[in-house]
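Biologist: Please take a close look at the interior of this model, starting from a loop at its surface and working inwards. I should like to know what packs there and what space is left empty.

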Amino acid sequence: MAIPKIVVLTGAGISAESGLATFRAQNGLWEGHNVNDVATYEGYLRDPILVHNFYNMLRNQLQQPTVKPNPAHLSLAELETKLGSDNVTIITQNVDNLHEQAGSKNVLHMHGELLKVRNEKTGQIFDCYQDICYTDNKLIRPHIVWFGEIPLYMEQIYQQLAQADYFIAIGTSGHVYPAAGFVQFANEYGVKTIELNLEPSLKENQFSSKIYGPASQIVPSFVAQLLAELSAD
Ligand code: APR
């Protein structure tokens, strides 16, 4: 079979059925918290303890034993195993580590990672599984891309998108750029674009195919069908 290059963009919706709240739903994270307070650098300067407490809460939540990869994460890991890491790239806006837990290797965390912190002065990144106490070390901040900050891996991401055969967006509402603009970029490069989401996203009309339903169901069946089509080629 001719192995296609597949770029997958994931958002909070892929982790919803693993027990992690999305941002823009009712009861979502942005309903209970003010974005300007907890997800901007200005908010961090104003009240670093509040911001650390917010990410401490999310870091704790992520490490609860009930929070595990769901069939959507697992099927994407299987896709990478079958087609090879050179052919499957996951770009995730998620700061959880459920793709890695599922076994995916080629994952670009464009919005940072909850289980990492960094030294503001040196830029050095550290693993972090515990609560951070600001007063212990004032230079340590969450390794999270806040609103107004530049997402990570952008050069690599656009390179991957330009070379892709398929661009598959999963569980993202299409509100936040630059990720929301990837579908347009992919279309300009003649990439086949597919949306897999619970409901039509803001960018729905830019995708050439779309499937709606819970990620834990539609992603495994989409992956199985894609693998079947490829092995028939
Ligand atoms: N299966 C599939 N999709 C789902 C599911 C599910 N079980 N549950 C929810 N969704 C969909 C919602 O319909 C919505 O379109 O996932 C999407 C989640 O949207 P958002 O909450 O806006 O999350 P996301 O798109 O990842 O947000 C982007 O915004 O605040 C920032 O940095 C944060 O990375 C985040 C970025």
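Modeller: Tyr153 is found in the loop between β6 (140-144) and α7 (154-162), where helices (H or I, at least four residues) and strands (E, at least two) are DSSP runs numbered from the N terminus. This is a predicted model, in which local features need pLDDT of at least 70 and side-chain atom pairs count only at pLDDT 80 or more, while totals for chains, interfaces and linings use all residues. Residues are numbered from 1 along each chain as its sequence is written, and side-chain values use heavy atoms, with hydrogens and water left out.

The phi angle of Tyr153 is near 65°, a positive value in a residue other than glycine. With a relative accessible area of 37%, Tyr153 is partly exposed; buried means under 20%, exposed over 50% and partly exposed in between, with a 1.4 Å probe and protein chains only. Asn27, in the loop between β1 and α1 (29-32), also has a phi near 65°, positive although the residue is not glycine. Asn27 counts as exposed, at 69% relative accessibility. A further loop, between β7 and α8, holds Pro178, and the peptide bond from Tyr177 to Pro178 is cis, with omega near 5°.

From the loops we turn to the interior. The largest nonpolar core has 23 residues, and those with the most contacts inside it are Ile6, Leu76, Leu79, Ile168, Ile170, Leu196 and Val219. Such a core is a set of buried Ala, Val, Leu, Ile, Met, Phe, Trp, Tyr and Cys residues joined through side-chain atoms within 4.5 Å. Two or more residues each come from β1 (6-10), α5 (71-83), β2 (88-92), β7 (166-170), β8 (192-197) and α9 (215-232). Helix α9 gives the most, with 8 residues.

Within this core, Ile168 is in contact with Ile6, Val7, Val8, Leu9, Ile194, Leu196 and Phe222, leaving aside neighbours within four places in sequence. Contact here means heavy atoms within 4.5 Å.

Helix α9 deserves a closer reading. Its 18 residues should span 26 Å at 1.5 Å a residue, and its end C-alpha atoms are 25 Å apart, which agrees; the expected span is 1.5 Å times one less than the number of residues. The buried residues of α9 are Ala215, Ser216, Ile218, Val219, Phe222, Val223, Leu226, Leu227 and Leu230. An α-helix has 3.6 residues a turn, so residues three or four places apart point the same way. The buried residues of α9 pack against β1, α5, β7, β8 and β9 (209-212).

Seen from α5, this packing includes Ser75, a residue of that helix. Ser75 is buried, with a relative accessible area of 5%, and touches Val219, Pro220 and Val223, not counting residues up to four places away in sequence. Ser75 and Ser104 are 29 residues apart in sequence and 9.5 Å apart in space, C-alpha to C-alpha.

Thr193 lies in strand β8 and counts as buried, at 0% relative accessibility. Beyond residues up to four places away in sequence, Thr193 touches Phe167, Val183, Ala186, Asn187, Gln206, Phe207, Ser208 and Ser209.

As for empty space, there are 2 cavities of 30 Å³ or more. On a 1 Å grid over the protein atoms alone, a cavity is a set of points where a 1.4 Å probe fits but cannot get out, and lining residues have an atom within 4 Å of a point. Grid points are joined across faces, edges and corners, and a volume is the space filled by probe spheres set on the points.

The largest cavity has a volume of about 90 Å³. Of the 14 residues that line the largest cavity, Leu9, Thr172, Ala179, Ala180 and Phe207 are the closest to its centre. Its lining divides into 9 nonpolar, 3 polar and 2 charged residues; Ala, Val, Leu, Ile, Met, Phe, Trp, Tyr, Cys and Pro count as nonpolar, Asp, Glu, Lys and Arg as charged, and the others, Gly among them, as polar. At least two lining residues each come from β7 and α8 (182-188).

The second largest cavity, of about 30 Å³, is lined by Lys5, Ile6, Val7, Asp86, Asn87, Val88, Thr89, Gln160 and Ala164. Strands β1 and β2 are the elements that give two or more residues to this second lining.

Terms used:
1 Å grid on protein atoms, 1.4 Å probe; cavity = no way out; pocket = protein on both sides within 12 Å on 5 of 7 lines; lining within 4 Å.
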